[in-house]
Amino acid sequence: MNTLIVIDVSEPKPKSLYAREFKTHPRIGEWIEINEDDEGVMYEVIKVAHSSVGAGSDLYVKRVELSYKAVESLCGKND
C-alpha cells in the first residue's frame, strides 16, 4: 500500500484531504475516489510531488463531482 497526502486545490486556498492509502500510485490525469459524508467523490490528480528525503509523495487534486455523476457524465448518460 502507498500512503499519500492528498491536497485539494479546487479552491484558491488548498485544503488537506489527509493521508490516504492506495494500492497503486495514482498518476496525473487519473481519478481517485474519496468518501466524504458517506458519499463517493471523484477527484482528478493534477500533480504528484515526490520527496527526495523519503517522506513519500503528495497528490494535488481537483474535485470532479460525486462519483455516480462523474461516471454518468463519462459514459454520456444525461437522464
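In the predicted model, Val48 has Leu59 as its bridge partner in β5. This pair belongs to the antiparallel arrangement of β4 and β5, which are joined by nine bridges. Six residues lie between the two strands of this hairpin, and Gly54 there adopts a positive phi near 80 degrees.

β4 also pairs with β3. These strands run antiparallel and are joined by six bridges; Ile32 is partnered by Tyr43 of β4. The hairpin formed by β3 and β4 has two residues between the strands, and a positive phi near 50 degrees is found at Asp37.

Residues from these pairings recur in the largest nonpolar core, which has 13 residues; Ile32, Tyr43 and Leu59 are, with Val6 and Val61, those that touch the most other members. At least two residues of this core come from each of β1 (2-8), β2 (15-22), β3 (31-36), β4 (39-50) and β5 (57-66). β4 supplies the largest share, with four residues. In soluble globular proteins, nonpolar side chains tend to be buried together.

The surroundings of Val61 were examined further. When neighbours within four places in sequence are left aside, the contacts of Val61 include three of the core residues named above, Val6, Ile32 and Tyr43. Val61 is also in contact with Ile7, Asp8, Val9, Ser10 and Leu17, and with Glu44, Val45 and Ile46.

Definitions and conventions. Residues are numbered from 1 along each chain as its sequence is written. This is a predicted model: local features need pLDDT of at least 70, side-chain atom pairs count only at pLDDT 80 or more; totals for chains, interfaces and linings use all residues. Side-chain values use heavy atoms; hydrogens and water are left out. A nonpolar core is a set of buried Ala, Val, Leu, Ile, Met, Phe, Trp, Tyr and Cys residues joined through side-chain atoms within 4.5 Å. Buried means under 20% relative accessible area, exposed over 50%, partly exposed in between (1.4 Å probe, protein chains only). Contact means heavy atoms within 4.5 Å. Two strands pair if DSSP finds at least two bridges between them.
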